[in-house]
Protein chains: 2
Amino acid sequence: MTKRPNEATTCAWISLMRTQRLALSRVEARLKEAKLPPLSWYDVLWELEKAGDQGLRPYELEKALLFAQYNLSRLAERLAAAGLIDRHECSHDRRGQVLKITARGRALRRDTWAVYAQAIEDAVGARLSTEEAETLAVLLKKLQ
Amino acid sequence: MTKRPNEATTCAWISLMRTQRLALSRVEARLKEAKLPPLSWYDVLWELEKAGDQGLRPYELEKALLFAQYNLSRLAERLAAAGLIDRHECSHDRRGQVLKITARGRALRRDTWAVYAQAIEDAVGARLSTEEAETLAVLLKKLQ
DNA sequence: GGCATATCAATGCAGTTGCATCTATATGAT
DNA sequence: ATCATATAGATGCAACTGCATTGATATGCC
């Protein structure tokens, strides 16, 4: 069945696209200003830090972060080149590898978070009450 | 003053980033499936169609669509090459130009909307009540 | 085991984006 | 009018992304 979006739906769609772009560009600008790497680096480092010693497989990161396979492959290459992660052989699947964060990676993640947290607070926290933020998150999750 | 984002704020931030990516990729996939150009083309064509006969200056489009100047410059080049817009000299500002949609451009915009509208309905309309969509739009606009 | 199929990750190539800069013209101050 | 500054838009180059494909291994079926 085909059904046209109503006014509210279209308006929500447009707001979603615009707001995300605006908010993201503000936050990315802060990171750049602080000479920190882009958010995608943070996202990978944080996932790996949470994963701890056992690390994560690239395909697990792909799913967790919604990255395209080839993008993650290249991002991992850059992170490894920068000494922020290590790529280990995977013992029980010789096609694969295991990514683990290094001490340098943890340090950079921590430094990035200092700036990132403030930027999130400015972009979101300062503009919504706690209750509004909760409502927003709930509504957004319905779209996922 | 520095203040850390609270749980709700962080959660809203993450949902905003993830949900937009997911929703956008679903919609773009539909367009691609239908062999239609990407959303950025639609956005420009629609702005120009709304602007009517007098067209719009590139810098006006930049502001309306939050495009970087160089991106719009190149996008306009591609749209013009595809015969979807015309670039006219600007009578009262010889640095500038005026962009106007062509008949082909209008036709493509219309065809794109048929698919786009359905995709928005599936990505948003089908997942939220009208009231929820309105609330979502209001909350998102507070972040702009 | 042997083969067909699926999954993991890398990569060549083309297209796009970001950054910095450039040219041309407009605007404002004197 | 002259000059300094600001704005409109284009562009060279490097980085990144998307697409399609590849190589390597794993898994399921007979």
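How many nonpolar, polar and charged residues does the surface near DNA strand C have? The legends below take this up in a predicted model.

**Figure 1. The protein surface near DNA strand C.** By class, this surface has four nonpolar, five polar and ten charged residues. In total, 19 residues surround DNA strand C. The closest are Lys32(A), Ser73(A), Arg95(A), Tyr70(B) and Asn71(B). Of the strand C atoms that come within 4 Å of the protein, 58% are accounted for by sugar and phosphate.

**Figure 2. Polar side-chain contacts to DNA strand C.** Gln69(A) places a polar side-chain atom 2.8 Å from a base nitrogen of strand C. Arg87(A) addresses the backbone: an N or O atom in its side chain is 3.1 Å from a phosphate oxygen. Chain B takes part through Tyr70(B), with a polar side-chain atom 3.4 Å from a sugar or linking oxygen. The elements giving two or more residues to this surface are α3 and α4 of chain A, together with α4 of chain B.

**Figure 3. The protein surface near DNA strand D.** DNA strand D is surrounded by 19 residues. Tyr70(A), Asn71(A), Lys32(B), Ser73(B) and Arg95(B) are the closest. The surface residues divide into four nonpolar, five polar and ten charged. Among the strand D atoms within 4 Å of the protein, 59% belong to sugar or phosphate, and the rest belong to bases.

**Figure 4. Polar side-chain contacts to DNA strand D.** Two chain B side chains reach bases. A polar side-chain atom of Gln69(B) lies 2.8 Å from a base nitrogen, and one of Arg95(B) lies 2.5 Å from a base oxygen. Arg57(B) has a polar side-chain atom 3.2 Å from a sugar or linking oxygen. Two or more residues of the surface come from each of these elements: α4 (69-81) of chain A, and α3 (58-65) and α4 (69-81) of chain B.

**Figure 5. The contact between chain A and chain B.** Each side is represented by 53 residues, from chain A and from chain B. The two chains bury about 5300 Å² between them, 65% of it on carbon and sulfur atoms. Trp13(A), Leu143(A) and Gln144(A) supply 14% of the area that chain A buries against chain B, more than any other three residues.

**Figure 6. Packing of helices α2 and α3 in chain A.** Helix α2(A) (residues 39-51) packs with α3(A) (residues 58-65) at an angle of about 115°. Their axes are 11 Å apart, and the crossing is right-handed. From α2(A), Asp43(A), Val44(A), Glu47(A) and Leu48(A) meet Leu61(A), Ala64(A) and Leu65(A) of α3(A). By class, this contact has five nonpolar, no polar and two charged residues.

Terms used
Residues numbered from 1 in each chain as written. Chains lettered and ligands numbered in written order. Predicted model: local features only at pLDDT ≥ 70, side-chain atom pairs only at ≥ 80, totals over all residues. Heavy atoms only, no water. Axes fitted to C-alpha atoms, helices over the stretch in contact; angles between N-to-C directions. Helix = DSSP H or I, 4+ residues; strand = E, 2+ residues; numbered from the N terminus. Left-handed = near helix turned anticlockwise from the far one by under 90°. Contact = heavy atoms within 4.5 Å. Nonpolar A, V, L, I, M, F, W, Y, C, P; charged D, E, K, R; others polar. Near = heavy atom within 4 Å. Polar contact = N/O pair within 3.5 Å; in protein donor to acceptor, adjacent residues only side chain to side chain. Buried area = accessible area lost by both parts, 1.4 Å probe.
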